[in-house]
Amino acid sequence: MAGKIKLDEETATKLEEFRKSVADEAELVVYRTFPSKIFQLQQLIDSTSSTSSPFHLSHASATTDPIVYPPPESPSVSDEPDTKKRKRSVDDSGINGHVVSDTQYARSPNVVLSNKHITEVHATMKEECEQLAELFDKVKLWVNLTMPRIEDGDNFGVQVQEEVLSELHRSQESVYNMRDSARQSHLTRAKIASKLIKYPHVEDYTLALKEHDEKQLYVARQNLFDIRNIYAIMTDILHKNIAKVRSPKGHNVIGLY
């Protein structure tokens with residue numbers, strides 16, 4: 001019968017060093033990074049009441065451009081028939097070879113410009129969401145690695161760890177949805193813009209575009225509150241239960257008897 005495979009001493013040492021580095025980094029996140037992010041986001045939220053803040057609603061009306069512009073002129077005009085130009089373009093660069101902004105073959109080649117200010121606000125929010133998700137991943141790995149061997153009895157500390165992990169996971173899912181709001185915003189705005197191109201004489205489409213951009217600024221500001229609250233809640237949960245997170249079965253020996 002073959003002998004049981006065991007970890008060699010060098011590998012076991014490296015694994016233990018990895019666990020320690022994960023724990024050190026996670027505790028630094030819990031006790032240093034999380035509180036600093038709360039204060040940083042609170043400062044950013046307080047600044048949104050000023051017109052100089054990119055999150056102020058006044059920027060919506062100032063940055064929304066509902067004008068339907070004519071298509072950009074081609075750099076060179078050719079007398080070659082359109083069907084031949086189309087065939088050559090496909091032969092040379094493939095069916096997907098056209099530049100994204102190329103309007104040569106568009107059915108309605110007029111242009112409604114995107115809101116660059118809203119795009120910058122979305123970039124800020126995406127950065128905050130990605131940073132939170134990365135920090136929470138570090139804490140989740142730490143909590144998972146501190147979980148004890150599965151066995152009967154004295155599982156209260158493990159239940160605490162599982163609840164912490166569940167809350168971390170729920171928070172990350174919320175942040176992923178916030179991260180996806182930029183894509184949803186562009187899709188909704190594109191539908192309004194396409195209607196504006198098709199019916200430029202309908203004033204309500206112009207108003208809808210302005211309302212959409214204003215809503216995006218409002219939602220982005222509310223998302224700042226949500227992200228700050230997530231940091232604050234997870235910091236509170238972890239600080240109150242840190243003993244069980246660090247050592248789920250290390251303080252319950254007396255309670256067993």
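This is a short guided tour of a predicted model, stop by stop, with residues to select in your viewer.

**Stop 1: the N-terminal region**

Start by selecting residues 10-48. An unreviewed UniProt entry lists this stretch as "domain: Proteasome activator PA28 N-terminal". Colour it by secondary structure and you will find 97% helix and 0% strand, with the end C-alpha atoms 54 Å apart.

**Stop 2: the core**

Next, show the side chains of F136, V139, W142 and Y231. These are the residues with the most contacts inside the largest nonpolar core, which has 37 residues. Helices α1, α4, α5 (156-179), α7 (203-240) and α8 (242-246) each supply at least two residues to this core. Helix α4 gives the most, with ten residues.

**Stop 3: aromatic rings**

Keep F136 on screen and add F34. The structure holds four aromatic pairs, and here is one of them: the ring centres of F34 and F136 are 5.4 Å apart and the planes meet at 50 degrees, so this pair is tilted. F34 sits in helix α1 (residues 9-47) and F136 in helix α4, so the pair ties together parts 102 residues apart in sequence. Are F34 and F136 buried or exposed? Both F34 and F136 are buried.

Now select Y199 and Y205. Their ring centres are 6.3 Å apart with the planes at 20 degrees, so this pair is stacked. Y199 counts as partly exposed because its relative accessibility is 30%, and Y205 counts as partly exposed at 25%.

Before moving on, add Y231 to F34 and F136: these three residues form one aromatic cluster.

**Stop 4: salt bridges**

How many salt bridges does the structure hold? There are twelve, and a few of them make good stops.

Select R246 and E27. They form a salt bridge whose closest N and O atoms are 2.8 Å apart. This pair links distant parts of the chain, with R246 in helix α8 and E27 in helix α1, 219 residues apart. R246 is partly exposed at 41% relative accessibility, and E27 is partly exposed too, with a relative accessible area of 23%.

Then go to E128 and K37, whose side chains meet in a salt bridge (3.0 Å, N to O). E128 lies in helix α4 and K37 in helix α1, so the pair ties together parts 91 residues apart in sequence. Try a surface view here: E128 is buried, with a relative accessible area of 8%, and K37 is buried as well, at 2%.

For a salt bridge within one helix, pick D236 and K240. Their closest N and O atoms are 3.0 Å apart. These two residues are four apart in helix α7, so about one helical turn separates them. D236 counts as partly exposed at 36% relative accessibility, whereas K240 counts as exposed at 63%.

One further selection belongs here: E163, E167 and R170, which are linked in a network of salt bridges.

**Stop 5: a nonpolar patch on the surface**

Finish by turning on the surface and selecting F18, L141 and L145. Together they make a nonpolar surface patch of about 240 Å². L141 belongs to helix α4 (residues 116-146), and L141 counts as partly exposed, at 37% relative accessibility. Helix α4 is thus a part you have already met, as the one that gives the most residues to the core.

Terms used. Residues numbered from 1 in each chain as written. Predicted model: local features only at pLDDT ≥ 70, side-chain atom pairs only at ≥ 80, totals over all residues. Heavy atoms only, no water. UniProt positions renumbered as here; feature names shortened; annotations may be inferred. Patch = residues over 30% accessible without salt bridge, like charges linked within 9 Å, V, L, I, M, F, W, Y side chains within 5 Å. Areas by Shrake-Rupley, 256 points an atom, 1.4 Å probe, with all protein chains shown as cover. Salt bridge = Lys/Arg side-chain N within 4 Å of Asp/Glu carboxyl O. Buried < 20%, exposed > 50% of the residue type's maximum accessible area, 1.4 Å probe, protein only. Phe/Tyr/Trp six-rings, centres within 6.5 Å; stacked < 30°, edge-to-face > 60°. Core = buried A, V, L, I, M, F, W, Y, C linked by side-chain atoms within 4.5 Å.
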